[in-house]
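Subject: Structure handover and findings

Dear colleague,

Please find below the structure that I am handing over to you. My findings follow it.

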Amino acid sequence: MRSIDFTVTEDFDGKKVYNFLRGYVHISTRLMRSLKRTEKGIMLRGAQGRTIDIIHTGDIITLNIPDDENTPIPGNFPLDLVYEDEDILVINKPPMLPMHESHNHQGDTLANAVAGYLSSKGGCAAFRAVGRLDKGTSGLVVCALNTHAAARLSGKVKKQYLALVRGEYDGDGEIIAPIYRPDPIITKRTVDPRGDYAETHYHVEEKGPGYSLLRVDILTGRTHQIRVHFSHLGTPLYGDTMYGQADERICHQALHCENLTFIHPINGREIRLKADMPADMINLLESLRKAENRL
């Protein structure tokens with residue numbers, strides 16, 4: 001159980017517990033209902049509280065968020081942890097590790113690894129990844145450890161990627177092109193007027209003959225957005241067999257989530273994190289540089 005204390009501010013003096021929890025703590029309606037049904041879910045001044053109780057400046061309201069009942073099967077393999085506290089884990093995901101269990105992946109996903117790590121510490125939590133990374137994409141993933149943290153972080157984690165593409169770019173640019181899924185059974189997307197609005201911004205970090213290393217920000221979170229957009233321009237990512245072509249030097253798309261920024265859902269502090277590119281992507285870049293030097 002996660003216990004979180006909040007101190008009532010002057011703005012909510014004389015208001016109800018409900019007003020404070022919704023207006024200041026920003027808990028979801030769903031969590032509010034759950035806490036009302038949980039013994040000692042809402043505590044006011046050390047005693048069982050009700051959402052209709054009147055509060056005053058300086059009062060302490062404690063939320064006791066129950067542990068999750070349905071959790072993934074724990075896996076016994078290591079995590080590259082970048083950040084950890086009672087509410088959040090941030091992990092540097094290897095490129096070939098899937099996020100969630102599926103028909104083809106049982107017990108060998110990031111969800112299982114997180115469950116195994118928490119179990120080793122005597123804890124448990126449902127797998128709540130705030131945003132996802134495709135299998136084949138490496139880098140930073142935020143996992144919320146309770147429903148309140150997940151709700152507060154949803155849509156508010158800013159990611160920045162490094163992408164190694166087959167083509168030469170200059171300076172800064174943007175791609176605004178709608179992304180569509182032609183077949184609901186097949187994962188592959190395409191640029192199509194029938195699709196959802198998608199906007200990608202990029203900055204050239206490095207370029208050479210036939211390649212560019214780009215720093216990429218996505219203003220919308222469409223599935224495969226970066227991969228689809230650069231393939232649409234005729235410059236697919238290296239190693240992207242779905243939207244480009246295979247490359248013997250790398251067995252996955254050359255895409256890495258390097259930077260994360262978010263406001264902590266409990267203490268309000270800004271968190272900035274970074275993870276270096278995986279070794280195979282670094283080696284590919286070095287190979288391209290060497291080829292350039294031979295020209």
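The model is predicted, and the remarks below concern its salt bridges and its aromatic pairs. I begin with a glutamate that takes part in two of the salt bridges described here. E258 forms a salt bridge with R215, and the closest N and O atoms of this pair are 2.5 Å apart. The two residues belong to distant parts of the chain: E258 is in strand β15 (residues 255-263), R215 is in strand β14 (residues 211-218), and 43 residues separate them. E258 counts as buried because its relative accessibility is 6%. R215, with a relative accessible area of 17%, is buried as well; the cut-off for this class is under 20%.

E258 also meets the side chain of K274 in a salt bridge, at 3.9 Å from N to O. Since K274 lies in strand β16 (residues 270-274) and E258 in strand β15, this pair ties together parts that are 16 residues apart in sequence. K274 has a relative accessibility of 53% and therefore counts as exposed, the cut-off being over 50%.

Elsewhere, R132, D134, R227 and D240 are joined into one network by salt bridges that share partners. Across the model, the count of salt bridges comes to 18.

Another of these involves R2 and D87, whose closest N and O atoms are 2.7 Å apart. R2 is placed in strand β1 (residues 2-7), whereas D87 is in the loop between β5 (81-84) and β6 (88-93), so the salt bridge ties together parts that are 85 residues apart in sequence. R2 counts as buried at 14% relative accessibility, and D87 is buried with a relative accessible area of 2%.

I turn now to the aromatic residues. The count of aromatic pairs comes to 6. One of them is formed by F12 and F20, with an edge-to-face arrangement, 5.5 Å from centre to centre and 90° between the planes. Both partners are buried: the relative accessible area is 14% for F12 and 0% for F20. A further pair, Y169 and Y202, is also edge-to-face, with 5.1 Å between the centres and 70° between the planes. Y169 lies in the loop between β9 (158-165) and β10 (172-176), and Y202 in strand β13, so this pair ties together parts that are 33 residues apart in sequence. Y169 is buried, with a relative accessible area of 10%. In addition, F12, F20 and Y24 form one aromatic cluster.

Y202 merits a closer description. Strand β13, in which Y202 is placed, spans residues 199-208. At 12% relative accessibility, Y202 counts as buried. Which residues is Y202 in contact with, leaving aside its neighbours within four places in sequence? Among them are its aromatic partner Y169 and R215, the partner of E258 in a salt bridge. The other contacts of Y202 are G171, D172, G173, E174, I175, L214, V216 and F230. By contrast, the C-alpha atoms of Y202 and Q48 are separated by 52 Å, with their positions 154 residues apart along the chain.

In summary, E258 has salt bridges to R215 and K274, while Y202 pairs with Y169 and is in contact with R215.

With kind regards

How values were computed: Residues are numbered from 1 along each chain as its sequence is written. This is a predicted model: local features need pLDDT of at least 70, side-chain atom pairs count only at pLDDT 80 or more; totals for chains, interfaces and linings use all residues. Side-chain values use heavy atoms; hydrogens and water are left out. A salt bridge is a side-chain nitrogen of Lys or Arg within 4 Å of a carboxyl oxygen of Asp or Glu. Helices (H or I, at least four residues) and strands (E, at least two) are DSSP runs, numbered from the N terminus. Buried means under 20% relative accessible area, exposed over 50%, partly exposed in between (1.4 Å probe, protein chains only). Contact means heavy atoms within 4.5 Å. Rings of Phe, Tyr and Trp (its six-membered ring) pair if their centres lie within 6.5 Å; planes under 30 degrees apart count as stacked, over 60 as edge-to-face and the rest as tilted.
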